[in-house]
Amino acid sequence: MANLFYESNYFEASQPDLMETVDYLQNGQSCSDDYYFNQQWGLENTTEYDNIDINACDAWEYTKGDSDIIIAVLDSGVKLDHEDLSINSQIGWDIETETSPSDIYWNEELNQLGSYNHGTNCTGIIAAQHNEIGVAGIAPDCEIMPISYNFHNSENMFQRLAKGINHAWQNGADIISCSWISGQHFYIDNAINNAITNGRNSLGTVVVAASGNDNNTTVEYPSMLTGVISVGAVHECGTRCVGFHTSAIEITEMLNCNGELWPIGKGSSYGVGLNVVAPGQNVYTTNVKRSDFTTLLYTGGFGGTSAAAPHVSGVAALLLSVNPDLNYTEVKDAIESTAQKIRTDFYDYNVSKPNGMWNEKLGYGMVDAYAALESVFCHDDVFIESTDNIIWSDETNLCENLIVEGALTINAPVHIYSDLPEITIQNGGHLIFDTGSELYYRDVEDFNGNINVEAGSTLEFKNGSDIVLAENGKIMVNHDSNNSGDLVFNSGASLTLLDDNTNLEIAGDLHIASNATFTFTGDGYIKFSNPGGDAANNIFCGTGASIVLQGSGQNDKIMEV
């Protein structure tokens with residue numbers, strides 16, 4: 001009825017008022033409905049420094065992880081039954097007992113609450129579930145491997161840490177997240193080098209480590225090791241996290257931001273070896289106990305480079321979720337080369353390094369989950385030039401709409417992630433959907449976008465192609481005064497117009513190959529419109545060709561001429 005009103009031309013607008021629910025969000029619209037998400041500035045910053053975050057919302061449009069990707073959190077231990085974490089306790093490991101499951105370790109005599117909560121704090125940043133409670137993790141669909149270690153037991157400490165690292169990579173960890181520092185020792189050197197070299201069937205386990213909280217001008221161990229991704233900390237206004245006894249200008253900037261200095265340490269360690277920075281102050285995450293050791297399942301006060309490192313571990317997990325064949329160097333390069341050059345009013349990125357410009361305080365900049373994902377996930381070539389003759393034989397992800405002016409043959413699934421997905425074939429272009437081709441909107445098999453075949457261009461369905469259009473999806477075959485667009489349908493091709501409004505509109509020409517049956521299934525419809533001067537020759541049939549129409553169609557309108 002709304003459409004009838006509008007098409008009468010008596011109304012400027014006509015829209016049905018459908019029944020739906022309205023959700024209450026604490027601080028306005030967001031991309032997650034987890035209770036504390038609007039406090040997680042590191043994932044989506046709503047302050048005037050709205051670019052000081054890791055672009056998690058945009059990244060989640062591509063993926064929230066994959067259960068085949070395992071992140072080992074080598075720390076004090078994790079609350080295995082936390083309501084906001086989904087952990088298979090049997091894949092964890094306790095360094096002290098060399099058994100599963102892992103435990104939580106802390107110094108009871110010193111009542112060191114920080115170490116009791118520390119592993120759970122780090123894990124929540126990486127993998128808290130998106131479940132309308134608590135906080136949102138960066139890679140909630142990935143698997144966590146808790147590796148628990150008693151940091152207050154100094155006996156054979158280097159050997160024990162090395163055992164934890166070795167257990168992680170030898171038992172399937174794709175990433176090892178290390179929010180700790182220690183003295184350098186060849187046991188740990190060897191364990192990390194073996195992880196990077198031999199982990200993931202020699203692709204290399206990705207090792208991420210905190211740069212340290214002592215304001216040192218070189219990052220601390222083990223993040224100083226070649227191949228480890230060293231992560232420093234910034235606050236919500238984008239300058240390096242600092243406490244007292246550090247740069248006066250950074251203290252002033254931090255106080256001007258939120259009136260707080262860094263309670264964690266002297267300052268985020270920087271300089272030689274620093275790769276990127278991530279959120280490291282007032283981080284909301286999962287927790288275990290409050291100061292009186294009663295239950296406190298969430299905290300907004302976690303910080304330090306201990307908080308920064310898990311952000312990068314989560315981003316690395318997203319990268320491997322969409323492309324598990326990346327080696328550790330490719331993951332590291334993607335994170336470094338796409339990092340955001342934040343606060344250029346305050347820092348000069350004036351050192352040229354292999355993955356771009358670098359600054360001693362912030363490294364390559366703030367990790368960018370979205371840009372890093374695009375760099376490893378999205379196909380580069382979305383414009384097929386007139387001189388091209390290309391075959392896509394592997395599953396392809398397109399983050400922009402596809403334009404074809406040359407020849408493109410597709411014989412594998414294609415996913416289009418743009419908000420308004422569209423394929424345009426123009427200027428004599430020829431797009432062929434061949435055996436094995438399928439078309440998706442994001443990860444949804446039913447493509448709800450448009451395919452436009454401009455005059456003089458060709459769309460061809462070959463044997464074994466299986467194309468499904470849904471919702472308002474449309475194929476439009478156009479014509480002009482000189483040329484017609486062509487739709488060529490071969491034997492064994494399949495076209496589904498799934499829903500009432502899904503349609504194939506032919507203003508150009510339809511060619512049905514010899515012995516081919518032009519058919520479609522679903523509730524959509526076919527429309528021949530404006531065929532121009534060659535209306536009598538709009539459909540061309542080879543020997544033995546036929547047309548079969550089935551499905552209910554829009555208002556039972558299977559074909560409209």
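**Exercise 1. Which residue in E5 is the bridge partner of Ser 177?**

Solution. First, the ground rules. The model is predicted, local features need pLDDT of at least 70, side-chain atom pairs count only at pLDDT 80 or more, and totals for chains, interfaces and linings use all residues. Residues are numbered from 1 along each chain as its sequence is written, and side-chain values use heavy atoms, without hydrogens and water.

Step 1. Locate the strands: E4 covers residues 175-178 and E5 covers residues 206-210. Strands (E, at least two residues) and helices (H or I, at least four) are DSSP runs, numbered from the N terminus.

Step 2. Join them. Four bridges link E4 to E5, and the two run parallel. Two strands pair if DSSP finds at least two bridges between them.

Step 3. Read off the partner of Ser 177: Val 208.

**Exercise 2. Place E4 and E5 in their sheet, then find a helix that packs on it.**

Solution. Step 1. The sheet is open and has seven strands, in the order E2-E3-E1-E4-E5-E6-E7, with parallel pairing.

Step 2. Strands E2 (93-94) and E7 (276-279) are the edges; each pairs on one side only.

Step 3. Helix H7 (residues 305-322) packs on this sheet. H7 touches E1 (70-75), E4, E5, E6 (229-234) and E7. Contact means heavy atoms within 4.5 Å. The direction of H7 makes about 125° with that of E6. Axes are lines fitted to C-alpha atoms, for helices over the stretch in contact, and angles run from 0 to 180 degrees between N-to-C directions.

**Exercise 3. Characterize the packing of H4 on H5.**

Solution. Step 1. H4 (residues 157-170) and H5 (residues 186-198) pack at about 10°, with axes 8 Å apart. That makes H4 roughly parallel to H5 (angles under 35 degrees).

Step 2. List residues. H4 contributes, among them, Phe 158, Leu 161, Ile 165 and Trp 169. H5 contributes, among them, Tyr 187, Ile 188, Ala 191 and Asn 198.

Step 3. Sort by class. The contact has ten nonpolar, four polar and no charged residues. Ala, Val, Leu, Ile, Met, Phe, Trp, Tyr, Cys and Pro count as nonpolar, Asp, Glu, Lys and Arg as charged, and the others, Gly among them, as polar.

**Exercise 4. Which face of E13 is covered, and which residue in E16 is the bridge partner of Ile 390?**

Solution. Step 1. In E13 (residues 389-392), Ile 390 and Trp 392 form the covered face. Asn 389 and Ile 391 form the uncovered one.

Step 2. Four bridges join E13 to E16 (residues 407-410), and these strands run parallel. The partner of Ile 390 is Leu 408.

Key:
Parallel < 35°, antiparallel > 145°, perpendicular 65-115°, else oblique. Buried < 20%, exposed > 50% of the residue type's maximum accessible area, 1.4 Å probe, protein only.
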